[in-house]
Amino acid sequence: MDEVALSLKSASLKEVAPVGNALPTFLNRSFELQGKSTHFLVQLFSDQILIVISQLEGGKVGTWISCEVEELVLDSKSRFNVNVLLGQRGRDDPLLGVYARRITEQIAKLRSSRADVCPPILLGISILDNEGQTFSAIVDVVLDLYKEAVRTAST
């Protein structure tokens with residue numbers, strides 16, 4: 001994972017916009033994070049991004065969350081709309097919504113300007129380990145895989 005992370009971190013931020021004729025692009029990877037096998041899937045479509053994160057056997061997903069970025073004109077801020085579509089609600093495990101927001105936030109930061117639209121993200125997630133180190137590692141891996149998918153779609 002270190003080689004992948006290093007090569008992806010050196011990517012130019014101008015590379016993080018998929019080319020429409022190369023979509024959909026699909027990446028499926030598994031890593032050992034904090035002693036737990038974690039499966040990742042990133043699929044880019046022309047109008048949305050699908051991300052799946054699972055620590056369950058067979059890559060099963062327990063919760064589906066939608067997250068969209070809304071750019072506010074008056075105060076030049078971004079608002080993140082997070083909605084649980086299926087599975088656990090926020091009161092059962094609020095960290096799942098935090099995953100969705102943070103991943104969307106990090107992908108939105110890769111845009112060259114706020115005028116560029118950040119596609120909605122559909123996140124399927126099942127996490128067994130809710131420690132801070134795992135959270136950071138998962139977000140970093142998803143961001144690296146997203147960059148790799150965009151580069152793949154751009155070639």
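Thr 38 counts as buried, its relative accessibility being 0%, and in this predicted model the residue is found in strand β2, which covers residues 36-44. Its side chain is joined to that of Gln 55 by a polar contact of 3.2 Å. When neighbours within four places in sequence are left aside, the residues in contact with Thr 38 are Arg 29, Ser 30, Phe 31, Leu 33, Ile 53, Ser 54 and Gln 55.

**The nonpolar core**

Ile 53, which is among the contacts of Thr 38, also belongs to the largest nonpolar core, a set of 36 residues in which Phe 40, Ile 51, Ile 53 and Ile 107 touch the most other members. At least two residues of this core come from each of β1, β2, β3, β4, α2, β6 and α3, and α3 gives the most, with 11 residues. The surroundings of Ile 51 can be listed in the same manner: with neighbours within four places in sequence left aside, Ile 51 is in contact with Leu 41, Val 42, Ile 103, Ile 107, Ile 121, Leu 122, Leu 123, Gly 124 and Val 142.

**Helix α2**

Ile 103 and Ile 107, both in contact with Ile 51, are also among the buried residues of α2, which are Leu 96, Tyr 99, Ala 100, Ile 103, Thr 104, Glu 105, Gln 106, Ile 107 and Ala 108. These buried residues pack against the strands β3 (49-54), β4 (63-72), β5 (77-86) and β6 (121-126), and against helix α3. The helix itself has 15 residues and reaches 21 Å from its first C-alpha to its last, close to the 21 Å expected at 1.5 Å a residue.

**Salt bridges**

The count of salt bridges in the model comes to five, and the table gives three pairs with the distance between their closest N and O atoms.

| Acidic residue | Basic residue | Closest N and O atoms |
|---|---|---|
| Glu 148 | Arg 29 | 2.6 Å |
| Glu 105 | Arg 102 | 3.5 Å |
| Glu 70 | Arg 79 | 3.7 Å |

Glu 148 forms its salt bridge with Arg 29; Glu 148 lies in helix α3 (residues 132-154) and Arg 29 in strand β1 (residues 25-33), so the pair ties together parts that are 119 residues apart in sequence. Glu 148 is buried, with a relative accessible area of 17%, whereas Arg 29 counts as partly exposed at 29%.

The pair formed by Arg 102 and Glu 105 lies within helix α2 (residues 95-109), where the two residues are three apart and thus separated by about one helical turn. An α-helix has 3.6 residues a turn, so residues three or four places apart point the same way. In this pair Glu 105 is buried, with a relative accessible area of 18%, while Arg 102 is partly exposed at 34%. The two residues are also linked with Arg 101 in a network of salt bridges.

In the pair of Glu 70 and Arg 79, both residues fall into the partly exposed class, Glu 70 with a relative accessibility of 32% and Arg 79 with a relative accessible area of 40%.

**A positive phi in the loop between β1 and β2**

Gln 34 lies in the loop between β1 and β2, and its phi is near 50°, a positive value in a residue other than glycine. Most residues other than glycine have a negative phi. Gln 34 is partly exposed, with a relative accessible area of 41%.

Notes:
Residues numbered from 1 in each chain as written. Predicted model: local features only at pLDDT ≥ 70, side-chain atom pairs only at ≥ 80, totals over all residues. Heavy atoms only, no water. Salt bridge = Lys/Arg side-chain N within 4 Å of Asp/Glu carboxyl O. Helix = DSSP H or I, 4+ residues; strand = E, 2+ residues; numbered from the N terminus. Buried < 20%, exposed > 50% of the residue type's maximum accessible area, 1.4 Å probe, protein only. Polar contact = N/O pair within 3.5 Å; in protein donor to acceptor, adjacent residues only side chain to side chain. Contact = heavy atoms within 4.5 Å. Expected span 1.5 Å × (residues − 1). Core = buried A, V, L, I, M, F, W, Y, C linked by side-chain atoms within 4.5 Å.
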